[in-house]
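Please open the model in your viewer and keep the selection tool at hand. The tour below goes from one selection to the next and says what is found at each stop.

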Amino acid sequence: MKKILIVEDVEMNRDLLVQLLEDCYQLFEADSGPRGLELARHERPDLILLDISLPGMDGYEVARQLRADPDLRRVPLIAVTAHAMAGDQERIFAQGFDDYVAKPIDEEELWAKVEKHLP
Ligand SMILES: [Mg+2]
């Protein structure tokens, strides 16, 4: 079973992602950027879903650190964000994300993007 790491501070949003993905993937959950980095280094997920708006270390900084880590720089990284306006999209891609899923989460969009980026 492929591993997906979910980094999202809001429990309700995490629970929704878990509910949608748990039957087909082994999931790891983090409620903060630092915890997400720790789990990523420990579990080596096949894909990471990363909230942009995290308290403290935001998703952009988490992405920067993942991309600076030789062991994790190639892991597909999907932003999960309510901020998906044009400028935000550019920043998301410029920051090393492979894709993004807009909030509120659309189940079909989530599945399409997860499957597209999983090796
Ligand atoms: Mg958030």
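Begin by selecting Glu38 and His42, which are exposed residues carried on the face of α2 that is turned away from its buried side; here a residue counts as buried if 20 or more other C-beta atoms lie within 10 Å of its own, as exposed if 12 or fewer do, and as partly exposed in between, with C-beta atoms placed from the backbone. Helices (H or I, at least four residues) and strands (E, at least two) are DSSP runs numbered from the N terminus. Before going further, note that this is a predicted model, in which local features need pLDDT of at least 70 and side-chain atom pairs count only at pLDDT 80 or more, whereas totals for chains, interfaces and linings use all residues. Residues are numbered from 1 along each chain as its sequence is written.

Now turn to the other side of the helix and select Gly33, Gly36, Leu37 and Ala40, the buried residues of α2. They cover an arc of only 100 degrees around the axis, which puts them on the same side of α2; the arc is that of the directions from the helix axis to the C-beta atoms. These buried residues of α2 pack against β1, β2, β3 and α3.

Move next to Arg44, in the loop between α2 and β3, where phi is near 50 degrees, a positive value in a residue other than glycine. Most residues other than glycine have a negative phi, and most peptide bonds are trans. Arg44 is exposed, with 12 other C-beta atoms within 10 Å.

For the sheet, colour the strands in the order β2-β1-β3-β4-β5, which is that of an open sheet of five strands with parallel pairing; two strands pair if DSSP finds at least two bridges between them. The edge strands are β2 and β5 (99-102), each of which pairs on one side only.

Which strand is largely enclosed by the rest of the structure? It is β1, and so it is described because four of its five residues are buried. Five bridges join β1 to the parallel strand β2 (residues 26-30), and between these two the chain crosses through helix α1 (residues 11-21) in a right-handed β-α-β crossover, a term that applies if, with the strands pointing away from the viewer, the path from the first strand over the helix to the second runs clockwise. Four bridges join β1 to β3, again in parallel. Select Val7 to see both partners: Ala30 stands opposite in β2, and Leu50 is the bridge partner in β3.

Val7 also leads into the largest nonpolar core, which has 25 residues, and is one of those that touch the most other members, along with Ile48, Leu49, Leu50, Leu77, Ile78 and Ala79. Such a core is a set of buried Ala, Val, Leu, Ile, Met, Phe, Trp, Tyr and Cys residues joined through C-beta atoms within 7 Å. From Ala79, not counting residues up to four places away in sequence, look for contacts with Leu50, Ile52, Gly59, Ile92, Phe97 and Tyr100, a contact being a pair of C-beta atoms, placed from the backbone, within 7 Å.

Finish at Pro104, in the loop between β5 and α5 (107-117), where a cis peptide bond joins Lys103 and Pro104, with omega about -5 degrees. Pro104 is exposed, with 7 other C-beta atoms within 10 Å.

Terms used
Contact = placed C-beta atoms within 7 Å.
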